[in-house]
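Me: I have a model open on my screen and would like a close look at one part of it. Could you pick a single strand and walk me through its surroundings?

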Amino acid sequence: MFRAVAVIAGAQLSGCSGGTTPVPYLGIHGIHDSVLAISMGRSLRDKYLQLNGCASKNAPEPAQGSRTHIKTEYSCRAGLPVWWIAHDGDHVPDPSDANGVKWAPGETWTFFTQAIGGGSPTTTLVTTTTSAPNNPTTPPSNPSCAVKYAQCGGQGWSGSTCCESGSTCTTNNQWYSQCL
């Protein structure tokens with residue numbers, strides 16, 4: 001079971017049904033993606049807008065050449081946020097704005113913290129344009145331990161292997177353990 005998903009430069013490809021289960025969804029896509037057109041990313045976003053009971057609205061996108069990103073947070077059923085971040089970039093895993101700052105890790109951390117870690121769900125539509133990085137949510141009091149619902153182990157995992165007080169590192173499979 002997925003607690004939330006973050007899809008960077010992705011789309012629903014042939015052979016995949018795309019799922020029918022509501023789940024918190026973060027989509028990040030470049031407006032001139034040369035591999036998967038942004039229209040394909042929008043289609044996947046729209047699927048989760050419907051599944052998560054979100055109010056529909058056209059999300060603004062940055063102008064080509066602006067080297068910025070625009071985040072839209074949709075108003076959805078409680079606990080099922082949808083965020084869409086369009087950026088002036090190509091098919092990349094780590095987009096950056098004109099200042100060179102890679103903002104996707106901070107946005108992803110904030111999304112998962114709110115969607116899984118117990119933060120407040122999105123209740124209103126907020127659209128922002130920024131070229132500065134978003135600071136991630138404050139880490140747990142013991143920065144060496146993972147917060148509840150975060151990854152804490154698995155083959156190849158190089159992050160924290162302990163969990164904050166009140167949760168236990170539970171093995172899901174050889175590749176993934178999670179603080180529960």
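Reply: Happy to; here is a tour of one strand, its neighbours and the side chains around it. Please keep in mind that this is a predicted model.

Let's set the scene. The protein chain has two helices and eight strands, and from the N terminus on they follow the order β-β-α-β-β-α-β-β-β-β. Of its 180 residues, 38% are buried.

The part to zoom in on is strand E2, residues 25-30, where six of the six residues are buried. In a regular strand, side chains alternate between the two faces of the sheet. Here both faces are covered: Tyr 25, Gly 27 and His 29 are buried on one side, and Leu 26, Ile 28 and Gly 30 are buried on the other.

E2 has strand partners too. Strand E1 (residues 5-8) pairs with E2 in the parallel sense over four bridges, and Val 7 stands opposite Gly 27 of E2. Strand E4 (residues 82-87) also runs parallel to E2, joined to it by six bridges. In that pairing, Gly 30 stands opposite His 87 of E4.

Now look at Tyr 25. Its relative accessibility is 1%, so Tyr 25 counts as buried. Tyr 25 belongs to the largest nonpolar core, a set of 17 residues, and is among those with the most contacts inside it, along with Tyr 48, Cys 54, Tyr 74, Val 82 and Trp 84. E1, helix H1 (38-51) and E4 each supply at least two residues of this core, and H1 gives the most, with five. Another core, of ten residues, lies apart from this one; Ile 28 of the strand is among its members, as are Ala 4, Trp 103 and Ile 116.

Three aromatic pairs turn up in a search of the whole structure. One of them is formed by Tyr 25 and Tyr 48, which are stacked, with 4.9 Å centre to centre and 5° between the planes. Because Tyr 25 lies in strand E2 and Tyr 48 in helix H1, the pair ties together parts that are 23 residues apart in sequence. Tyr 48 counts as buried as well, at 10% relative accessibility.

Finally, step over to the neighbouring strand E4. Trp 83 of E4 pairs edge-to-face with Phe 111, at 5.2 Å centre to centre and 70° between the planes. Since Phe 111 lies in helix H2 (residues 104-115), this pair ties together parts 28 residues apart in sequence. Lys 71 lies over the face of Trp 83, at 4.3 Å from the ring centre, while the charged end of Arg 45 sits over the ring of Trp 84, 4.8 Å from its centre.

Note on methods: Residues numbered from 1 in each chain as written. Predicted model: local features only at pLDDT ≥ 70, side-chain atom pairs only at ≥ 80, totals over all residues. Heavy atoms only, no water. Buried < 20%, exposed > 50% of the residue type's maximum accessible area, 1.4 Å probe, protein only. Pairing = 2+ DSSP bridges. Core = buried A, V, L, I, M, F, W, Y, C linked by side-chain atoms within 4.5 Å. Phe/Tyr/Trp six-rings, centres within 6.5 Å; stacked < 30°, edge-to-face > 60°. Lys NZ or Arg CZ within 6 Å of the ring centre and 35° of its normal.
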